[in-house]
Amino acid sequence: EMLHNIAHQWRQPLNSLTLLIQSFQTKQENGKLSEEFIQTQTQYGLKIAKNMSETIESFSNFFRPEVQKTYFSIQSAITESLELINPVLRDNKITTQNDFSNGDYEILGYENTFTQVIFVLVNNAIDAFKGLKNPRDINLIQISIGKDEENLYIYVKDNAGGIKPNNIEKIFEPYFTTKHKAKGTGIGLYMAKQIIEKQFFGQIDVKNIESLGQNTYNGSLFSITIPLKPNAIQKCERTS
């Protein structure tokens, strides 16, 4: 299961690397291959490769709970996830919006496995957009943070048409997928659920929504609930 999940998590970063490599050829053909472009893209490519390497380690850590936990910023983890997958989002004309108006919080845990959860949810939305028969005026993914006295909440919304009623109850089951077997293993959302439940003592839920902001298209809302005390969550004073 872990090997299948690593392969699943590598799919989008590999797409990002492919687009990055193609950008060098395009710039060279147009006579615009500058030193600044080479430096920027090289650093970005190394960042993607580093994340792919950490994916192996993070899912190995999933089975080794004795590994040291560290404090990490929720905002930074979300931003990092989106940055690494940005070329794929851009290539599919998907806009992302982050609402961090409720502030940032530090959580004691495994940052890389948390970013994998964000990857899974964003990848799920990307696949949903790819499967649409009728194109949207705007493809939108919104990520926001909320908090009450007991829990921290992370919400991931999209306007990709929602989930079929007969699938929504099974979406977190292992090996359940609506995609062709060559394109999906059916364990991404299952592993995301396992990470949130077993590593962060929380829960992840999903429901369909009728609209996203002023956009009238249907979509889905994934809600991550992480209890404050077991994860030693604290207000992050520094700004991202």
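This briefing walks through a small sheet, two helices and one glutamine. Please keep in mind that the model is predicted. At its heart here is an open sheet of 3 strands, in the order β1-β3-β8, with antiparallel pairing.

**The sheet**
- The strands β1 (70-73) and β8 (234-236) stand at the edges with a single partner strand each, so one side of each has no neighbour in the sheet.
- On average, neighbouring strands of this sheet are turned by 40° against each other, direction ignored.
- Strand β3 (residues 104-109) runs antiparallel to β8, and 3 bridges join the two.
- If you would like to find this pairing in the structure, look at Asp 104, whose bridge partner in β8 is Cys 236.

**Helix α3 and Gln 75**
- Helix α3 packs on the sheet, where it touches β1 and β3.
- The direction of α3 makes about 65° with that of β1.
- Gln 75 is found in this helix, which covers residues 74-84.
- With a relative accessible area of 9%, Gln 75 counts as buried, because that value is under 20%.
- The side chain of Gln 75 reaches the backbone oxygen of Gly 103 at 3.4 Å.

**Helix α5**
- Helix α5 covers residues 111-130, which makes 20 residues.
- From its first C-alpha to its last, α5 reaches 29 Å, close to the 28 Å expected at 1.5 Å a residue.
- Of the 20 residues of α5, 15 are buried, so this helix is largely enclosed by the rest of the structure.

Definitions and conventions: Residues are numbered from 1 along each chain as its sequence is written. This is a predicted model: local features need pLDDT of at least 70, side-chain atom pairs count only at pLDDT 80 or more; totals for chains, interfaces and linings use all residues. Side-chain values use heavy atoms; hydrogens and water are left out. Helices (H or I, at least four residues) and strands (E, at least two) are DSSP runs, numbered from the N terminus. Buried means under 20% relative accessible area, exposed over 50%, partly exposed in between (1.4 Å probe, protein chains only). A polar contact is a pair of N or O atoms within 3.5 Å; within protein, one must be able to donate a hydrogen and the other to accept it, and residues adjacent in sequence count only if both atoms are side-chain atoms. Two strands pair if DSSP finds at least two bridges between them. Axes are lines fitted to C-alpha atoms, for helices over the stretch in contact, and angles run from 0 to 180 degrees between N-to-C directions. Contact means heavy atoms within 4.5 Å. The expected span of a helix is 1.5 Å times one less than its number of residues.
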